[in-house]
Amino acid sequence: MTLATLADVLQPALKNGYAVGGLVCLGWEDARAYAYAAEAQGCPVILQAGPGCREHTPLPILGRMFRYLADEVSVPVVVHLDHGYTFEDCKHALECGFTSLMFDGSRKPLQQNIDETAAIAELAHGAGISCEGEIGFVGYANGEKSAGTDPEEAAIFASATAVDAMAISVGNVHLQENKEGGLDLDRIRAIERLTDVPLVIHGGSGVPVEQRTQLARTSSICKFNIGTELRMAFGAALRASLASDETRFDRAQILKDTHDPVMKAAQQVLSALK
């Protein structure tokens, strides 16, 4: 088994100048492709169950599925809850075998976010697993606007919560389908000067690939969450499979056609973070 915690994979990344992909899963097909992509690249991977994934598939099934995939490959696999919004969300994930809990209190006042995140970190560490928190709100393309991370608040948050990783808002947004943006390097450097915790970029699909590589090698950003980019690859492969034969109806065969394209796309994501 290559099951790992978030701290297991991010501390070496921080020390050695690379980042790890937090790949957002929606089901068996993409999770399997991501695990095999990591195996092919010889690098760790973080399999993430976000709110959309959890709406589609119950958390106990996801925990077992991700842990099964960790058994199937020889590289470290983190079983990660993405955007847990309550203590109960995180406790349930822990009970379902997750090895990393991300609590998102970023919409809340600073002290409330600190207090609630610290409680999740204590829960996680007591069970021998990891915790990621978020300071500064990361918005959504064509939706809620971001609130950038204040470096001094980030330093307070990191120290007071004892999180293993800290998600920050530095120009990144969720669900961005193009890579026309770019991260605020000055804000990132200001945060780095005041903290030593591994940093996380949510909404990594909207970050230019060249900037991902640069920051993976030269900053404290050790984890890029990638979802939209890989979902787009899955959707394109699914449409191609259906278009190839209008009489097809066996979903097992149709979904099988998504594996190689999604695995290839995931390999490209992971290779750019080395």
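Which residue in S9 is the bridge partner of Gly22? I started my notebook with that one, keeping in mind that this is a predicted model.

**Entry 1: strand S9.** I looked up Gly22 and found that its bridge partner in S9 is Asn225. Gly22 sits in the stretch of strand S2, residues 20-25, and S2 runs parallel to S9 with four bridges joining them. Next I checked S8 (residues 199-201), which is also parallel to S9 and is joined to S9 by three bridges. There, Val200 has Lys223 in S9 as its bridge partner. I then followed the chain from S8 to S9: the path goes through helix H9 (residues 209-218), and this β-α-β crossover is right-handed. I also asked how covered S9 (residues 221-226) is, and six of its six residues turn out to be buried.

**Entry 2: Gln211.** I stayed with helix H9, since Gln211 has its place there. Is Gln211 buried or exposed? Its relative accessibility is 12%, and buried means under 20%, so Gln211 counts as buried. Leaving out residues up to four places away in sequence, I found Gln211 touching Gly182, Leu183 and Leu185.

**Entry 3: two helices.** How do H2 and H12 cross? I noted that the axes of H2 (residues 28-41) and H12 (residues 259-271) come within 8 Å and cross at roughly 50°. That angle is why I wrote the two helices down as oblique to each other. The crossing of H2 past H12 is right-handed. Then I listed who meets whom: the H2 side includes Arg32, Tyr34, Tyr36 and Gln41, while the H12 side includes His259, Met263, Gln267 and Leu270.

How values were computed:
Residues are numbered from 1 along each chain as its sequence is written. This is a predicted model: local features need pLDDT of at least 70, side-chain atom pairs count only at pLDDT 80 or more; totals for chains, interfaces and linings use all residues. Side-chain values use heavy atoms; hydrogens and water are left out. Buried means under 20% relative accessible area, exposed over 50%, partly exposed in between (1.4 Å probe, protein chains only). Two strands pair if DSSP finds at least two bridges between them. A crossover is right-handed if, with the strands pointing away from the viewer, the path from the first strand over the helix to the second runs clockwise. Contact means heavy atoms within 4.5 Å. Axes are lines fitted to C-alpha atoms, for helices over the stretch in contact, and angles run from 0 to 180 degrees between N-to-C directions. Angles under 35 degrees count as roughly parallel, over 145 as roughly antiparallel, 65 to 115 as roughly perpendicular and the rest as oblique. A crossing is left-handed if the near helix is turned anticlockwise from the far one by less than a right angle, and right-handed if clockwise.
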